[in-house]
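Trainee: I'd like a close look at one spot in this model and at what surrounds it. Could you take me through it in one go?

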Amino acid sequence: PRRAALMHTKLKKDGVSFMDSMNPNWNMETDIIREFDYKTTIPILLIPITKESRSFGILGELPWLIIYSLLNGTKIACYIEDRDPHLDKDSFRTRTLVKAHLSKILEQYPNLFFMADSMEQLTNFGIYQAKQLANSLK
């Protein structure tokens, strides 16, 4: 089972709605609009980058999503899982580089976004933020 499926199960259990953009039948013409709309209108964006996929797309989108979150007030959090460098040198290098840049940004701007240390921490952050948002709307 996909690692993100465990996160989805916990989010559902806690009543947090989400979209899973990992679709094996992804269609550039239709899904890109749906995915863009979702990522630019949701108040809390959780980005699990797991070792199960190469993830070049989301790794490239991540800086833009962080900048966009500054402009529209989105809470953004990500978790970047390592990939075996012997099996996929390019993805390993890209993840290492992105994590290093994000860590440097967080040193200067610690509240810009949340960088989780584990999938569980990412999930818990999302649940906490969703509850905070729900309470603020009451």
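Trainee: Let's zoom in on Thr40: does it count as buried or exposed, and at what relative accessibility?

Mentor: Thr40 counts as buried, at 10% relative accessibility; buried means under 20% relative accessible area, exposed over 50% and partly exposed in between, with a 1.4 Å probe and protein chains only. Before going further, a word on ground rules: this is a predicted model, where local features need pLDDT of at least 70 and side-chain atom pairs count only at pLDDT 80 or more, while totals for chains, interfaces and linings use all residues. Residues are numbered from 1 along each chain as its sequence is written, and side-chain values use heavy atoms, with hydrogens and water left out.

So where does Thr40 sit? Its place is in helix H2, which covers residues 28-41. Helices (H or I, at least four residues) and strands (E, at least two) are DSSP runs, numbered from the N terminus. H2 has 14 residues that should span 20 Å at 1.5 Å a residue, and its end C-alpha atoms are indeed 20 Å apart; the expected span is 1.5 Å times one less than the number of residues.

Thr40 has buried company in H2, namely Asp31, Glu35 and Lys39. Seen down the helix axis, the buried residues of H2 fall within an arc of 150°, so they line one face; the arc is that of the directions from the helix axis to the C-beta atoms. On the other side of H2, Glu29, Ile33 and Thr41 are exposed.

Now for what does the covering. S1 and H3 are among the elements over the buried residues of H2. Leaving out residues up to four places away in sequence, Thr40 touches Trp64, Tyr68 and Asn72, where contact means heavy atoms within 4.5 Å. Those three belong to H3's side of the helix pair, where Ile58, Glu61 and Leu65 also take part; from H2, Thr40 is joined by Glu35, Phe36 and Lys39. By class, this contact has 5 nonpolar, 2 polar and 3 charged residues, counting Ala, Val, Leu, Ile, Met, Phe, Trp, Tyr, Cys and Pro as nonpolar, Asp, Glu, Lys and Arg as charged, and the others, Gly among them, as polar.

As for geometry, H2 and H3 (residues 56-72) pack at an angle of about 45°, with their axes 10 Å apart. Axes here are lines fitted to C-alpha atoms, for helices over the stretch in contact, and angles run from 0 to 180 degrees between N-to-C directions. The two helices are therefore oblique to each other: under 35 degrees counts as roughly parallel, over 145 as roughly antiparallel, 65 to 115 as roughly perpendicular and the rest as oblique.

H3 has other surroundings to check. Ser55 is found in the loop between S1 and H3, and its phi is near 65°, a positive value in a residue other than glycine. Most residues other than glycine have a negative phi. Ser55 is buried too, with a relative accessible area of 12%.

H3 is also one of the elements that the buried residues of H4 pack against, along with strands S1 (44-49), S2 (75-80) and S3 (114-115). Those buried residues of H4 are Ser91, Arg95, Val98, Leu102 and Leu106, and they cover an arc of only 75° around the axis, which puts them on the same side of H4.
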